[in-house]
Amino acid sequence: RTLNLGIALVPTAERLDAVVIREAILNQVAGLVTTDAGQPIPGVLVDVLGLNRRITTNEDGRFLLTDLDPGSYILQFRLSGYRVSQYALRMVPQIDRDITIKLR
């Protein structure tokens with residue numbers, strides 16, 4: 001046997017007392033790695049020493065590290081054929097940094 005049922009859906013309204021939207025402020029470091037002549041260097045390994053965080057520069061020699069807690073860090077830059085370079089960095093809450101590193 002077949003039983004046919006008619007079902008009616010009725011919309012209901014819910015009242016929200018408040019909607020809070022918060023912006024997440026990320027501490028980040030954006031950077032550019034170049035030669036002495038200012039040419040971008042892709043493929044440079046950027047390492048945040050002691051944090052096990054690594055990233056490689058893109059084809060434009062740029063990198064971006066996000067969510068760095070406030071504190072002091074050493075960034076290390078490595079690529080075969082260039083000297084290893086280090087950069088001391090101090091992060092404070094709610095700050096973004098933009099740096100340029102030259103490899104020789």
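V48 stands opposite R53 in β3. That pair is a good place to enter this predicted model. V48 and R53 belong to a larger pattern, since strand β2 covers residues 45-48 and strand β3 covers residues 53-56. The two strands run antiparallel, and four bridges join them. L45 also has a partner in β3, namely T56.

Between β2 and β3 the chain makes a hairpin with four residues between the strands. G50 is part of this hairpin, and G50 takes a positive phi near 85°.

Strand β2 has a second partner. β2 pairs with strand β5, residues 71-78, again in the antiparallel sense. Four bridges link β2 and β5. One position shows the pairing clearly: D47 stands opposite Q76 in β5. So β2 is joined both to β3 and to β5, by the rule that two strands pair if there are at least two bridges between them.

Now step back to the whole chain. What elements does the chain contain? There are seven strands and zero helices. Read from the N terminus, the order is β-β-β-β-β-β-β. The radius of gyration is 25 Å, while the globule rule gives 13 Å for 104 residues, so the chain is more spread out than a compact globule. The C-alpha trace spans about 80 × 40 × 25 Å along its principal axes.

Burial and surface come next. Of the 104 residues in the chain, 28% are buried. The accessible surface comes to about 8000 Å². Carbon and sulfur atoms hold 49% of that surface. Charge is spread over 12 positive and 11 negative side chains. The centres of the two sets lie 5 Å apart.

How do distant parts of the sequence meet? Take the contacts in the chain with a separation of 6 or more: 51% of them join residues 24 or more positions apart. L32 gives an example. This residue lies in strand β1, residues 28-34. L32 and G61 are 29 residues apart in sequence, yet their C-alpha atoms are 5.5 Å apart in space.

Is L32 buried or exposed? Its relative accessible area is 18%, and the limit for buried is under 20%, so L32 is buried. Not counting residues up to four places away in sequence, L32 touches P40, D60, G61, R62, F63, I99, T100 and I101.

D60, one of those contacts of L32, deserves its own look. D60 lies in the loop between β3 and β4, where β4 is 62-65. With 44% relative accessibility, D60 counts as partly exposed. Leaving aside its neighbours within four places in sequence, D60 is in contact with L32 and P40. D60 and I41 are 19 residues apart in sequence and 6.9 Å apart in space, C-alpha to C-alpha.

The last stop is S85, found in strand β6, residues 85-91. S85 has 18% relative accessibility and counts as buried. Which residues does S85 contact beyond its neighbours within four places in sequence? They are L75, Q76, F77, I101 and L103. Two of these names have come up before. Q76 is the residue in β5 that stands opposite D47. I101 is also among the residues that L32 touches.

Terms used
Residues are numbered from 1 along each chain as its sequence is written. This is a predicted model: local features need pLDDT of at least 70, side-chain atom pairs count only at pLDDT 80 or more; totals for chains, interfaces and linings use all residues. Side-chain values use heavy atoms; hydrogens and water are left out. The radius of gyration is taken over C-alpha atoms; the globule rule is 2.2 Å times the number of residues to the power 0.38. Buried means under 20% relative accessible area, exposed over 50%, partly exposed in between (1.4 Å probe, protein chains only). Contact means heavy atoms within 4.5 Å. Accessible areas come from the Shrake-Rupley method with a 1.4 Å probe; for residues, only the protein chains shown count as cover. Lys and Arg count as positive and Asp and Glu as negative; His and the chain ends are not counted. The place of a charge is taken as NZ of Lys, CZ of Arg, CG of Asp or CD of Glu.
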